[in-house]
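Colleague: I've just opened this one and I'm new to it. Could you walk me through what I'm looking at?

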Amino acid sequence: MQLRLARHLWGTDAPYFDELMKYKEQGYQAIEAGFIYSAEPKEKLISQIRTLGLDWIAMVFTEGKTVEDHLQSFKQQVLDSAAFKPMLINSHSGRDAFTHDEIEFFFTEAIKIEQDLGIPIAHETHRSRILFNPWITRDVLEMFPQLHLCCDYSHWVTVCERLIDDQIDILKLCAKQAIHIHARVGHEQGPQVSDPRAPEFQTHVEAHERWWNMIWLEQLSQGKSISTLTPEFGPWPYMPSLPYSQTPLASQDEICLWQAERQRQRFNEFLHQTAAA
């Protein structure tokens with residue numbers, strides 16, 4: 001199994017080409033980006049990515065007031081993305097306020113769309129979305145064992161206000177259906193620590209890594225050839241900053257690269273250890 005590292009464009013200013021070249025030189029193999037918030041025309045964005053020989057992970061963000069609105073938004077963005085042949089699609093799906101019936105309707109139709117397209121679609125564990133906490137996600141996965149996940153556990157740490165090692169059975173269930181990882185580190189009061197390199201956050205870093213290891217182990221047992229990971233640390237206001245000036249407390253680019261290199265090394269060690277076992 002190979003680890004393919006993706007760099008997101010969140011916090012990157014257009015024109016993107018120089019930044020894309022930098023990300024390639026930094027060792028990323030893919031770019032994760034969507035069209036809805038892109039400052040570049042979609043044809044130009046994809047052309048730039050392909051010119052550099054990078055893979056593309058599409059992002060979609062459903063919108064609207066009703067479940068029907070969100071489903072239509074999902075379908076349109078997925079179809080727009082599919083036309084450019086992404087390796088997978090990551091979706092911020094629905095709203096946290098959906099009822100059980102609305103959730104069932106949304107995912108029933110979303111899975112049909114995915115099956116028709118033949119492109120894997122991961123639904124992200126994200127605040128404000130359907131999968132915003134472990135227990136709703138467990139219920140959804142029990143209803144839809146074929147559903148794919150993008151696991152961003154930083155959101156759950158904030159929603160639950162604790163490290164979620166006490167939810168190990170749900171983490172194992174998520175690992176079985178995870179096809180993508182957002183490797184941001186959250187803490188009890190926010191979805192992004194100010195600097196994961198700082199010693200005061202090592203407990204949080206190591207907890208998230210335990211949970212990502214569960215995904216890698218499951219993917220390896222399923223015979224997957226590729227595992228994808230995005231070190232998705234964001235800019236201000238995700239990045240904590242000084243008041244008044246909004247000066248970031250750390251460099252987004254440095255933190256993302258540090259995380260990418262750390263997880264690359266950890267993945268290689270994981271493969272070595274599992275092979276030895």
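**Around the barrel**

Modeller: Let's start with one pair of neighbours: strands E4 and E5 run parallel and are paired over three bridges. Serine 91 sits opposite histidine 123 of E5. Keep in mind that this is a predicted model.

Colleague: How does the chain get from E4 to E5?

Modeller: The chain goes through helix H4, residues 100-117, and this β-α-β crossover is right-handed.

Colleague: And which way do the side chains of E5 point?

Modeller: E5 covers residues 121-124, with Ile121 and His123 pointing one way and Ala122 and Glu124 the other way. All of them are buried. In a regular strand, side chains alternate between the two faces of the sheet.

Colleague: What is on the next edge, between E5 and E6?

Modeller: Three bridges join E5 to E6, and the two run parallel. Alanine 122 has histidine 148 in E6 as its bridge partner. Here the chain crosses through helix H5 (residues 134-143), again as a β-α-β crossover that is right-handed.

Colleague: Zooming out, how many strands close into the barrel, and in what order?

Modeller: Eight strands close into the barrel, in the order E1-E2-E3-E4-E5-E6-E7-E8, with parallel pairing. From one strand to the next, the twist averages 30°.

Colleague: What about E3, which strand does it share five bridges with?

Modeller: Strand E3 (residues 55-61) pairs with strand E4 (residues 88-92) in the parallel sense, over five bridges. One bridge there has isoleucine 57 partnered with leucine 88 in E4. Helix H2, residues 42-51, packs on the sheet and touches both strand E2 (30-34) and E3. The direction of H2 makes about 150° with that of E3.

Colleague: Is E7 mostly covered or open, and how many of its residues are buried?

Modeller: Mostly covered: E7 spans residues 178-182, and five of its five residues are buried. On one side, strand E6 (residues 148-151) pairs with E7 in the parallel sense over three bridges, and cysteine 151 stands opposite isoleucine 181 of E7. Two bridges join E7 to strand E8 (residues 226-230), also running parallel. In that pairing, histidine 182 faces threonine 230 of E8.

Colleague: Which helix makes a unit with E7 and E8?

Modeller: H8 does, and E7, H8 and E8 together make a right-handed β-α-β unit.

Colleague: New topic, the core. Which residues touch the most other members?

Modeller: The largest nonpolar core has 74 residues, and Phe74, Phe107 and Tyr153 touch the most other members. Helix H8 (residues 202-221) supplies the largest share of this core, seven residues. As background, nonpolar side chains tend to be buried together in soluble globular proteins.

Colleague: Take tyrosine 153, then. What does it touch?

Modeller: Leaving out residues up to four places away in sequence, tyrosine 153 touches Thr125, Ile164, Leu171, Cys174, His208, Trp211, Trp212 and Ile215.

Colleague: I see some cysteines in there. How many disulfides are there?

Modeller: The count is zero disulfides.

Colleague: Why is there no bond at cysteine 160?

Modeller: Because the closest cysteine sulfur, in cysteine 174, is 11 Å from the sulfur of cysteine 160, too far for a bond. A disulfide here needs the two sulfur atoms within 2.5 Å.

Colleague: And why none for cysteine 256?

Modeller: Its closest cysteine sulfur is in cysteine 150, 14 Å away, so that is also too far for a bond.

Colleague: Are those two buried or exposed?

Modeller: Cysteine 160 is buried, with a relative accessible area of 10%. Cysteine 256 is buried with a relative accessible area of 0%.

Colleague: Last couple. Where is glutamine 177, and what is it in contact with?

Modeller: Glutamine 177 is in helix H7, residues 168-177, and it is buried, at a relative accessible area of 8%. Setting aside neighbours within four places in sequence, glutamine 177 is in contact with Leu141, Phe144, Pro145, Gln146, Leu147, His148 and Leu149.

Colleague: And lysine 75, where is that?

Modeller: Lysine 75 is in helix H3 (residues 67-82). It is partly exposed, with a relative accessible area of 38%. Lysine 75 is 50 residues from glutamate 25 in sequence, and the two are 34 Å apart in space, C-alpha to C-alpha.

Terms used: Residues numbered from 1 in each chain as written. Predicted model: local features only at pLDDT ≥ 70, side-chain atom pairs only at ≥ 80, totals over all residues. Heavy atoms only, no water. Pairing = 2+ DSSP bridges. Helix = DSSP H or I, 4+ residues; strand = E, 2+ residues; numbered from the N terminus. Axes fitted to C-alpha atoms, helices over the stretch in contact; angles between N-to-C directions. Contact = heavy atoms within 4.5 Å. Core = buried A, V, L, I, M, F, W, Y, C linked by side-chain atoms within 4.5 Å. Buried < 20%, exposed > 50% of the residue type's maximum accessible area, 1.4 Å probe, protein only. Right-handed = clockwise from strand over helix to strand, strands pointing away.
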